[in-house]
Amino acid sequence: MVTERDFKDFMADVCTPVAVVTATEDGLPHGTTVGSLTSLSLRPPMVALALERRSRLLPKILRSQRFGVNLLGAEQADVARDFASSAGDRFERAAWHPDDGLPRLREAPGWLVCELDRQVPGGDHVLLLGRVARISGTRGAAPLVYGRRTFGTHSATAPTPTRSLADRITAFAH
């Protein structure tokens, strides 16, 4: 039997991108931090993300049938923490502006506008499949990632030395 603790501990070792997903309802911005963003399809361009069934953002996305994805940069761990909290004043602390009718965080290096294609129930979460309508932002910024229960960023591994063909043949002969 897999316990919730065992599963959470295992998944803590999986690094995930960090994004703030947003929607607008009645002219007001809404958003939450997610670590479940992944590409789904190239033709058409689609992403998938998961929200808890009890998420306050979920019904807003389901009603509007669209959402924004603010991909966070390495220096935005504080933004990720703010939007992961239940505080109601998140957008008062964050610099943002409406973009295509959705709340866009000014400092986020990546931005997607998505049309909801479908929702798929999955345990205590709902998987949202979004068709990407527009992409913008800066390229090359260090991404914010979450792994081992802490924020960080991606870094390349040290290059492995390559052995010459002669060294490989010698090693194979032994």
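Me: Helices (H or I, at least four residues) and strands (E, at least two) are DSSP runs, numbered from the N terminus. Where does Asp100 lie?

Reply: This is a predicted model, in which local features need pLDDT of at least 70, side-chain atom pairs count only at pLDDT 80 or more, and totals for chains, interfaces and linings use all residues. Residues are numbered from 1 along each chain as its sequence is written, and side-chain values use heavy atoms, with hydrogens and water left out. Asp100 is not a glycine, yet its phi is positive, about 55 degrees. Its place is the loop between S7 and S8.

Me: Is Asp100 buried, partly exposed or exposed?

Reply: Buried means under 20% relative accessible area, exposed over 50%, and partly exposed in between (1.4 Å probe, protein chains only). The relative accessibility of Asp100 is 42%. So Asp100 counts as partly exposed.

Me: How many residues stand between S7 and S8 in their hairpin?

Reply: Strand S7 covers residues 96–99 and runs antiparallel to S8, joined by four bridges. Two strands pair if DSSP finds at least two bridges between them. One bridge sets Pro98 against Pro103 in S8. The turn of the hairpin holds Asp100, and the number of residues between the strands is two.

Me: Which residues of S8 point the other way from Leu102 and Arg104?

Reply: In a regular strand, side chains alternate between the two faces of the sheet. S8 has Leu102 and Arg104 on one side, and its four named residues are all buried. Pointing the other way are Pro103 and Leu105.

Me: Which other residue has a positive phi near 55 degrees without being a glycine?

Reply: Look in the loop between S2 and S3. The residue there has a relative accessibility of 75%, so it counts as exposed. It is Asp26.

Me: Which residue is joined to Arg43 by a cis peptide bond?

Reply: Strand S4 (residues 38–41) and strand S5 (residues 46–52) run antiparallel and share three bridges. Four residues stand between them in a hairpin. In that loop sits a proline. Omega of its bond with Arg43 is about 0 degrees, and the residue is Pro44.

Me: Which residue of S5 stands opposite Ser39?

Reply: Go back to the hairpin of S4 and S5. The two strands are antiparallel. Opposite Ser39 in S5 is Val47.

Me: What is the strand order in the open sheet of three strands?

Reply: Strands of a sheet pair through backbone hydrogen bonds, either parallel or antiparallel. Here S1 and strand S11 (residues 144–147) pair in the antiparallel sense over two bridges, with Pro17 opposite Val145. The order is S1-S11-S12.

Me: Why is one side of S1 and of S12 left without a neighbour in the sheet?

Reply: S1 (16–17) and S12 (150–153) stand at the edges of the sheet. One side of each is free because each has a single partner strand.

Me: Which residues touch the most other members of the largest nonpolar core?

Reply: A nonpolar core is a set of buried Ala, Val, Leu, Ile, Met, Phe, Trp, Tyr and Cys residues joined through side-chain atoms within 4.5 Å. The largest one has 19 residues. S2 (19–25), S5, helix H2 (57–64), S6 (66–71), S9 (110–122) and S10 (125–137) each supply at least two of them. The best connected are Leu51, Ile61, Phe67, Val69 and Leu128.

Me: How many residues make up the other core that includes Val18?

Reply: This core lies apart from the largest one. Its members include Leu72, Phe83 and Leu105. The count is 12 residues.

Me: Which residues of helix H3 are buried?

Reply: H3 spans residues 77–84. Its buried residues pack against S2, S3 (28–34), helix H4 (90–93), S8 (102–105), S11 and S12. They are Ala77, Val79, Ala80 and Phe83.

Me: What distance separates the C-alpha atoms of Phe83 and Thr33?

Reply: Phe83 counts as buried because its relative accessibility is 1%. Beyond four places in sequence, it contacts (heavy atoms within 4.5 Å) Thr33, Arg90 and Phe91, among others. Phe83 and Thr33 are 50 residues apart along the chain, but their C-alpha atoms are separated by 5.2 Å.

Me: In which strand does Thr32, a contact of Phe83, lie?

Reply: Thr32 counts as buried, since its relative accessibility is 18%. Its contacts, leaving out residues up to four places away, include Ala19, Leu51 and Phe83. Its strand is S3.
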